[in-house]
Amino acid sequence: MVFHAWYFYIILFLIFHTIYTLLFRSISKSNPHHYGIIISTVFVFLWISGLIFSLVTGHVDFKNVLQVLPYLLIGGIIFAYANVYGSKAMGRIDVAQHTVLSVLRVVITVIASSFLLRESLNSIQILGAVLILSAVLISTFKITRRSFNIDQYSLIAILSAVLIGIAITNEKYILNYMNIQTYLIVGWGFQTFSLLLVTFKDLHNIRFFLGILRGLSGIAFVSSLISSNNSSLTSISSSFIVISVTIAAIIFLNEK
């Protein structure tokens with residue numbers, strides 16, 4: 001059934017994450033110094049969304065949590081700093097350029113998954129990966145060729161992408177030991193708690209709708225990760241977000 005196919009969840013991820021990115025971009029531009037609190041409150045509702053989903057669907061099992069506790073801690077810290085850096089960059093550089101730079105996470109995920117998880121792609125998947133990444137980079141560079149430049153915030157975006165690539169590989173490893181319901185409670189819980197610690201001094205604002213969108217896109221991404229059983233395949237396919245965000249930013253944010 002299509003509802004069990006990994007690409008179904010990737011399509012949902014693309015829809016939800018595109019809307020989330022545009023809204024986050026709009027808020028970040030008007031509140032450039034509040035990027036930390038914006039992303040942390042988004043993650044609060046991300047975790048709440050995951051908690052509700054897990055309680056409704058059931059099958060929560062904490063028996064392997066202690067076994068992967070170090071990876072949960074590492075993942076929480078990496079995701080926290082990656083999102084803080086990424087949010088800082090998003091409010092200061094063109095949304096299309098930021099999204100292009102974020103594709104680096106795909107490369108990092110593929111490399112890390114190959115060495116650490118012993119994952120591999122077959123010949124058809126490799127061809128598809130090359131086509132997707134080529135299309136993403138060529139089309140977006142063409143759109144942004146007059147304004148693309150590398151500055152300190154672009155470097156921050158690159159750092160964020162590298163961290164997220166590592167975090168996704170770590171996430172896939174953890175998912176070998178627990179189901180999605182348990183991970184949404186424990187894994188996202190560690191991420192949210194770490195992010196709140198990083199941005200604690202700035203806590204004063206709530207972005208409910210953004211959190212719901214991030215939660216839905218996150219559930220869709222993790223579901224695809226489980227259904228495909230291949231973090232490289234899922235990450236490469238999710239890079240189509242570059243094209244969807246770029247087109248949507250041109251239409252709705254008038255970023256040309």
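In the predicted model, arginine 118 adopts a positive phi of about 60° just after helix α5. Helix α5 itself comprises 13 residues, 104-116. At 1.5 Å a residue, a span of 18 Å is expected for a helix with this number of residues, and the end C-alpha atoms of α5 are 18 Å apart, so the two values agree. The buried residues of α5 are Arg105, Val106, Ile108, Thr109, Ala112 and Ser113. Viewed down the helix axis, the buried residues of α5 fall within an arc of 160° and therefore line one face of the helix. Such an arrangement can be read against helix geometry: an α-helix has 3.6 residues a turn, so residues three or four places apart point the same way.

Arg105 of α5, listed among its buried residues, also appears in the description of the internal space. The search of the whole structure returned three cavities of 30 Å³ or more. The largest cavity holds about 610 Å³ of space. It is lined by 32 residues, of which His17, Asn83, Arg105, Ile164 and Arg214 are the closest to its centre. Two or more lining residues come from each of α1 (6-30), α2 (35-57), α3, α4 (95-102), α7, α8 (180-198) and α9 (208-228). Divided by class, the lining of the largest cavity consists of 17 nonpolar, twelve polar and three charged residues.

Aromatic contacts were searched for over the whole structure, and five aromatic pairs were found. In the pair formed by phenylalanine 8 and tyrosine 9, the ring centres are 5.3 Å apart and the planes lie at 70°; the pair is edge-to-face because this angle is over 60 degrees. Tyrosine 9 has a relative accessible area of 19% and is therefore buried, the cut-off being under 20%.

For tyrosine 71 and tyrosine 173, the ring centres are 4.6 Å apart and the planes are at 50°, so this pair is classed as tilted. The pair connects distant parts of the chain, with tyrosine 71 in helix α3 (residues 69-90) and tyrosine 173 in helix α7 (residues 152-174), 102 residues apart. Both of these helices, α3 and α7, are among the elements that give two or more residues to the lining of the largest cavity. Tyrosine 71 is partly exposed, at 32% relative accessibility. Tyrosine 173, at 24% relative accessibility, is likewise partly exposed. Tyr71 and Tyr173 belong, together with Tyr177, to one aromatic cluster.

Note on methods:
Residues are numbered from 1 along each chain as its sequence is written. This is a predicted model: local features need pLDDT of at least 70, side-chain atom pairs count only at pLDDT 80 or more; totals for chains, interfaces and linings use all residues. Side-chain values use heavy atoms; hydrogens and water are left out. Rings of Phe, Tyr and Trp (its six-membered ring) pair if their centres lie within 6.5 Å; planes under 30 degrees apart count as stacked, over 60 as edge-to-face and the rest as tilted. Buried means under 20% relative accessible area, exposed over 50%, partly exposed in between (1.4 Å probe, protein chains only). Helices (H or I, at least four residues) and strands (E, at least two) are DSSP runs, numbered from the N terminus. On a 1 Å grid over the protein atoms alone, a cavity is a set of points where a 1.4 Å probe fits but cannot get out, and a pocket is an open set with protein on both sides within 12 Å along at least five of seven lines; lining residues have an atom within 4 Å of a point. Grid points are joined across faces, edges and corners, and a volume is the space filled by probe spheres set on the points. Ala, Val, Leu, Ile, Met, Phe, Trp, Tyr, Cys and Pro count as nonpolar, Asp, Glu, Lys and Arg as charged, and the others, Gly among them, as polar. The expected span of a helix is 1.5 Å times one less than its number of residues. The arc is that of the directions from the helix axis to the C-beta atoms.
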